[in-house]
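Please read this short report beside the sequence and the coordinates. It asks how the strands, the core and a few individual side chains are arranged.

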Amino acid sequence: MKIELLQTAGTASYLQDALTSTDEVLLAVAYWGKGAAKELGLDNRKYPTRIICDLWSGRCHPNEIKKLLDFGAVIRTRDKFHAKAYCTSDRVIIGSS
């Protein structure tokens, strides 16, 4: 098992590479702000993305959720959910970003 510590400046590009280079993506990310899907490269994915988030918190931007759905994401919600995990077929990224 390989463990890497990501610094803030490189996290977005590392996540984007990880999420666009695989067919299976499972995201447990509670809150989705404006521009998050594009910054993570989810607007260019060829395969569906499965997401768990907290839609009831008021912290998910409605237009961002609509974009994710338009990109083919399958979204489920969980009340009081606060996770930040990005899972692909070959890695798991856990963080607080």
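The sections below treat the strands, the nonpolar core, the charged side chains and two loop positions of a predicted model.

## Strand β1 and its partners

Strand β1 covers residues 25–29, and because four of its five residues are buried, the strand is largely enclosed by the rest of the structure. Two pairings involve this strand, and they run in opposite senses: β1 and strand β2 (residues 49–53) are parallel and joined by four bridges, whereas β1 and strand β4 (residues 84–88) pair in the antiparallel sense over five bridges.

Individual positions help to locate these pairings in the model. On the β2 side, L26 of the pairing stands opposite R50, while Y86 in β4 is the residue that L27 stands opposite. In a regular strand the side chains alternate between the two faces of the sheet.

## The nonpolar core

The largest nonpolar core comprises 19 residues, and those with the most contacts inside it are L27, W32, L42, I51, L68 and Y86. The elements that contribute two or more residues to this core are α1 (8–20), β1, β2 and α3. L27 and Y86 thus appear both among the residues with the most core contacts and as opposite positions in the pairing with β4.

Helix α1 also contains L15, which has a relative accessible area of 3% and is therefore buried, since buried means under 20%. From L15 to L27 there are twelve residues in sequence, and the C-alpha atoms of the two lie 11 Å apart in space.

## Charged and aromatic side chains

How many salt bridges does the structure hold? There are two. In one of them the side chains of D70 and K66 meet at 3.0 Å, N to O; both residues lie in helix α3 (residues 62–70), four residues apart, which is about one turn of the helix. D70 counts as exposed, because its relative accessibility is 54% and the exposed class begins over 50%.

The other salt bridge joins the side chains of D90 and R91 at 3.5 Å, N to O. Here D90, at 55% relative accessibility, counts as exposed, whereas R91 is partly exposed, with a relative accessible area of 26%. Side chains of opposite charge can pair when their charged atoms come close.

With regard to aromatic rings, a search of the whole structure finds zero aromatic pairs. A contact of another kind does involve a ring, in that R59 lies over the face of Y31, at 5.2 Å from the ring centre.

## Two loop positions

Is T22, in the loop between α1 and β1, buried or exposed? With a relative accessible area of 9%, T22 is buried. The side chain of T22 also makes a polar contact, at 2.8 Å, with the side chain of S89.

K80 occupies the loop between β3 (74–77) and β4, and its backbone is notable for a phi near 60°, a positive value in a residue other than glycine. In contrast to the buried T22, K80 is exposed, with a relative accessible area of 74%.

Conventions:
Residues numbered from 1 in each chain as written. Predicted model: local features only at pLDDT ≥ 70, side-chain atom pairs only at ≥ 80, totals over all residues. Heavy atoms only, no water. Salt bridge = Lys/Arg side-chain N within 4 Å of Asp/Glu carboxyl O. Buried < 20%, exposed > 50% of the residue type's maximum accessible area, 1.4 Å probe, protein only. Phe/Tyr/Trp six-rings, centres within 6.5 Å; stacked < 30°, edge-to-face > 60°. Lys NZ or Arg CZ within 6 Å of the ring centre and 35° of its normal. Pairing = 2+ DSSP bridges. Core = buried A, V, L, I, M, F, W, Y, C linked by side-chain atoms within 4.5 Å. Polar contact = N/O pair within 3.5 Å; in protein donor to acceptor, adjacent residues only side chain to side chain.
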